[in-house]
Amino acid sequence: MNSRTHQYTPLTQSDIDKIDQATMEVLSETGFEVYQPEAFEYFKKVADFVDEENKIIKLKEETVRELISSAPSKITLYGRNEKHDCHLGSGNVYFGTGGTALHMLDHGEKDSRPALLQDLENVVRVVDKMDNIDICLLPTYPNDLDVNDVDINRFFAGLTYTDKHVMGGVYTSEGINEVIRMAEEAAGSPEALRERPFISFITCGISPLRIDDKYGTFMMQIAREGLPLAVPVEPLCGGTSPMSVAGTLVVQNCDALINIMLTQLVNPGTPVIYGCVASSMDMSTMRYLGAPVESGLINAATAQMAQHYGIPYYSTAGISDSKVLDAQCGYESAVTNMLVGLAGADFIHDAAGLMEFAFTVSLEKLVIDNEILGMVKRSIKGIDVTEKTLCVDEIKKAGPGGNFVASRTTRKFYRTEHYQPTLSDRQQRSVWKSEGHTTADERAHKIVAGILKEKPKKYFLSKHKYAI
C-alpha cells in the first residue's frame, strides 16, 4: 500500500542526532561482548580496541558508519504471488503476524492451552484469507514436536498454506539448512529462491550490548546464504535498558547496529532488516509487558532512527496483554499499531493475533486485528487533496441546502476514500438484534470457522515428506 510516512514523529531531528551520537559514544568507549568465536575474529579485524579475555570489542565511529553503509536501503520480501510482494524501504508500511507464542486461546475459553503443529496450520490458513495482513510471520511454537523438527515443520506449514511471504524465527543450524533446501525446491532452484526470496529469517539479539554464541551463529549462517534476515533486539525499560525512553532508544540502536555490522562483515550487502522488539517492564512484578503505550512510542521513534540510517525496519506493535478477547485486547492492539504505522515503519510484526504478553495466539484475534489494520492502513494513506477530490463543481451544483447522495463523486469515492469493514457491526439495534445480536468476537469466530471448514488450498506440494 502507498503511504505518507512520518505522520507521527516523536523525535525531532535534534533528538535523532543526539541518539545517534550517544550510540557512537557507547560503541567506541564501552563496546560490546561477542561470544561467538568466529564473529569475534571478524570484529577483531576492524576493532579499535579488543579485550580477548572478556570478549569486548570497541569500534570507532567511522568504522561503525562504514560497516552499516553496506546494508541495502531497500529489500523486497517476495510472495510467491507477486501481489503479495512487500517492498521495504519504499515508503510503504506492511503488517504481519508475530511470535513465537507457546499457547493458543480457543474461542469461548478463558484458559489457554499449549500450541500444536495443527494450530500453526490453522493460523496460516486464516492469515492467508486476511486482506490486511501482508506477511505471514510464523506465530506459534508447536509443543508436540522435538526441537530438531520444529524449523522444517513450521516453515513447511507456512509454505503449504499461504502464498504470502513467510518469515520465521529458527532454533537449530540444521533446521535452517533444511528450511533453505525446502524453499529452494518450492522456488524451483537455489538461483530462483535468491532472485525472489519468499522466505526470510529472524535471529534475535541479546540486550544489552552482546552477541551470544547461538544466535550469533545463526546470524552468520543466514548471512552467508544471502537471504533476508531480521535482527531484532528487545531492550526492556528498567530491565535490560534504562528506565528512560531515550536511554532505551540508545541501547536499542546500539544493539541493532551491532547485529547489522556482523551481517555485513560476514557478507557485505546481506539484506538485513533493522529490528526492534523493545518494550518495558512492570516494575511492580518485574514482568515483561507486551502492550504498554511506551512500546508504541519506542517503536515509532526507532522507525525514525532506521530511516536516519537508510536501513529497512522490522518493528513491533499490536500485542495485547489481555488474556481474553475483551475491550483491553482491542484498544491496546489498536493504539500501538496506529502509532508505529503512522511513524512509517516498513514492516510491523506482532500486528495481529497476539495476546497475553505475546505468549498466546487467538484465531479470532487475527480476524479482529485484520479489521484494526484496515483502519490503520486507511489512516496511513492520509487525505488525497486534488482538483477531483475537492469536488468544487459538485458542491456548486448541489448549492445551499443540497445533498450529495446521488452525486457522481459519492459513487466514485465511497470505496476508494472510505474503509469498508468486514467485521464491524454498523446496523441499527433492531437489525443487529434480529440477526442474532452477535459480538465482535462471535462474528470473528464465525469467519474463522468458515475458513477452517473449507478444503484447504495448498500452495506447496513437495516430492519429499517434510511434516512429521
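**Cysteines, sheet and charges**

Reader: Where should we start: is cysteine 329 buried or exposed?
Author: Cysteine 329 is buried, since its relative accessible area is 4%. Buried stands for under 20% relative accessible area, exposed for over 50%, and partly exposed for what is in between (1.4 Å probe, protein chains only).

Reader: What kind of model is this?
Author: The model is predicted: local features need pLDDT of at least 70 and side-chain atom pairs count only at pLDDT 80 or more, while totals for chains, interfaces and linings use all residues. Residues are numbered from 1 along each chain as its sequence is written, and side-chain values use heavy atoms, with hydrogens and water left out.

Reader: How many disulfides are there?
Author: A search of the whole structure gives zero disulfides, a disulfide being a pair of cysteine sulfur atoms within 2.5 Å. For cysteine 329, the nearest cysteine sulfur is that of cysteine 136, at 19 Å, and cysteine 329 is in no disulfide.

Reader: Why does cysteine 276 have no bond to cysteine 237?
Author: The closest cysteine sulfur to that of cysteine 276 belongs to cysteine 237, and because the two are 9.9 Å apart, they are too far for a bond. Cysteine 276 counts as buried, at 0% relative accessibility.

Reader: Let us turn to the sheet. What is the order of its strands?
Author: The order is β6-β19-β18-β15-β13-β11-β10-β9, in an open sheet of eight strands with parallel pairing. Two strands pair if DSSP finds at least two bridges between them. Strands (E, at least two residues) and helices (H or I, at least four residues) are DSSP runs, numbered from the N terminus.

Reader: Which strands stand at the edges?
Author: Those are β6 (94-95) and β9 (135-137). Each has a single partner strand, so one side of each is left without a neighbour in the sheet.

Reader: What holds strands together in general?
Author: Strands of a sheet pair through backbone hydrogen bonds, either parallel or antiparallel.

Reader: Which strands does β18 meet, and through how many bridges?
Author: Three bridges join β18 (residues 313-316) to the parallel strand β19 (residues 347-349). Two bridges join β18 to β15 (residues 272-276), and these strands also run parallel. Tyrosine 274 has tyrosine 313 of β18 as its bridge partner. Toward β19, tyrosine 314 has phenylalanine 347 as its bridge partner, and serine 315 has isoleucine 348. From β18 the chain crosses through helix α11 (residues 327-342) to β19 in a right-handed β-α-β crossover. Right-handed refers to a clockwise path from the first strand over the helix to the second, with the strands pointing away from the viewer.

Reader: Which side chains of β18 are on each side?
Author: Tyr313 and Ser315 are on one side, Tyr314 and Thr316 on the other, and all four are buried, which leaves both faces of β18 covered.

Reader: New topic: how many salt bridges are found?
Author: The search of the whole structure finds 18 salt bridges; a salt bridge is a side-chain nitrogen of Lys or Arg within 4 Å of a carboxyl oxygen of Asp or Glu. One of them joins the side chains of glutamate 41 and lysine 44 (3.8 Å, N to O). Both residues lie in helix α2 (residues 37-44), three residues apart, about one turn of the helix. Glutamate 41 is partly exposed at 38% relative accessibility, and lysine 44 is partly exposed at 30%.

Reader: Which pair links distant parts of the chain, 111 residues apart?
Author: The side chains of aspartate 85 and arginine 196 meet in a salt bridge (2.9 Å, N to O). Aspartate 85 sits in the loop between β4 (75-77) and β5 (86-88), and arginine 196 in the loop between α7 (190-195) and β11 (199-202). Aspartate 85 counts as buried at 12% relative accessibility, whereas arginine 196 is partly exposed at 26%.

Reader: What does glutamate 394 meet in a salt bridge?
Author: The partner of glutamate 394 is arginine 408 (3.3 Å, N to O). Glutamate 394 lies in helix α14 (residues 392-398) and arginine 408 in helix α15 (residues 408-417). Elsewhere, salt bridges that share partners join Arg181, Glu184, Arg194 and Glu225 into one network.
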